[in-house]
Amino acid sequence: MGFLDRVGRFLDDVLLLPDELRADLAAAEAALEAELFPEAEELFAGVRAERPTLTRAALGLARARNGRGDRRGTLAALAS
């Protein structure tokens with residue numbers, strides 16, 4: 001993870017996101033790490049519903065869908 005990625009995460013995590021969304025992102029990333037792709041997809045989709053422009057959630061959603069083998073869903077998450 002590069003410096004700018006870390007700065008972006010810091011801004012998201014500490015300054016801009018409410019505690020509930022931060023917790024959902026952390027849970028989604030943990031699910032993704034554990035390869036629990038359906039759970040990760042649901043959590044990332046919930047965060048995107050609240051913050052549609054949050055790049056971190058879009059990328060996580062795409063990774064979760066890719067893990068499930070959903071190519072169209074992966075591309076849709078990246079396109080929106």
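## The nonpolar core

Let's start in the middle of this predicted model. Its largest nonpolar core has 16 residues, and the members that touch the most others are Leu25, Leu32, Ala40, Phe44, Val47, Leu54 and Ala57. Three helices each supply at least two residues of this core: H2 (19–33), H3 (37–50) and H4 (55–67). H2 gives the most, with 5 residues. As a rule of thumb, nonpolar side chains in soluble globular proteins tend to be buried together.

Leu25 is a handy spot to zoom in on. Leaving aside residues up to four places away in sequence, Leu25 touches Leu17, Phe44, Val47, Leu54, Arg56 and Ala57.

## How H4 and H5 pack

Next up is helix H5, residues 71–79, whose axis comes within 8 Å of the axis of H4. The two axes cross at roughly 175 degrees. An angle over 145 degrees counts as roughly antiparallel, so that is how H4 and H5 run relative to each other.

Who makes the contact? From H4 come Ala58, Leu59, Leu61, Ala62, Arg65 and Asn66, while H5 brings Gly73, Thr74, Ala76, Ala77 and Leu78. Sorted by type, the residues of this contact are 7 nonpolar, 3 polar and 1 charged.

## The two sides of H5

Which residues of H5 are buried? They are Gly73, Thr74 and Ala77. Looking down the axis of H5, these buried residues fall within an arc of 105 degrees, so they line one face of the helix. H3 and H4 are among the things that cover them.

Flip to the other side of H5 and you'll find Arg71, Arg72 and Ala79, which are exposed.

Note on methods. Residues numbered from 1 in each chain as written. Predicted model: local features only at pLDDT ≥ 70, side-chain atom pairs only at ≥ 80, totals over all residues. Heavy atoms only, no water. Core = buried A, V, L, I, M, F, W, Y, C linked by side-chain atoms within 4.5 Å. Buried < 20%, exposed > 50% of the residue type's maximum accessible area, 1.4 Å probe, protein only. Helix = DSSP H or I, 4+ residues; strand = E, 2+ residues; numbered from the N terminus. Contact = heavy atoms within 4.5 Å. Axes fitted to C-alpha atoms, helices over the stretch in contact; angles between N-to-C directions. Parallel < 35°, antiparallel > 145°, perpendicular 65-115°, else oblique. Nonpolar A, V, L, I, M, F, W, Y, C, P; charged D, E, K, R; others polar. Arc of directions from axis to C-beta.
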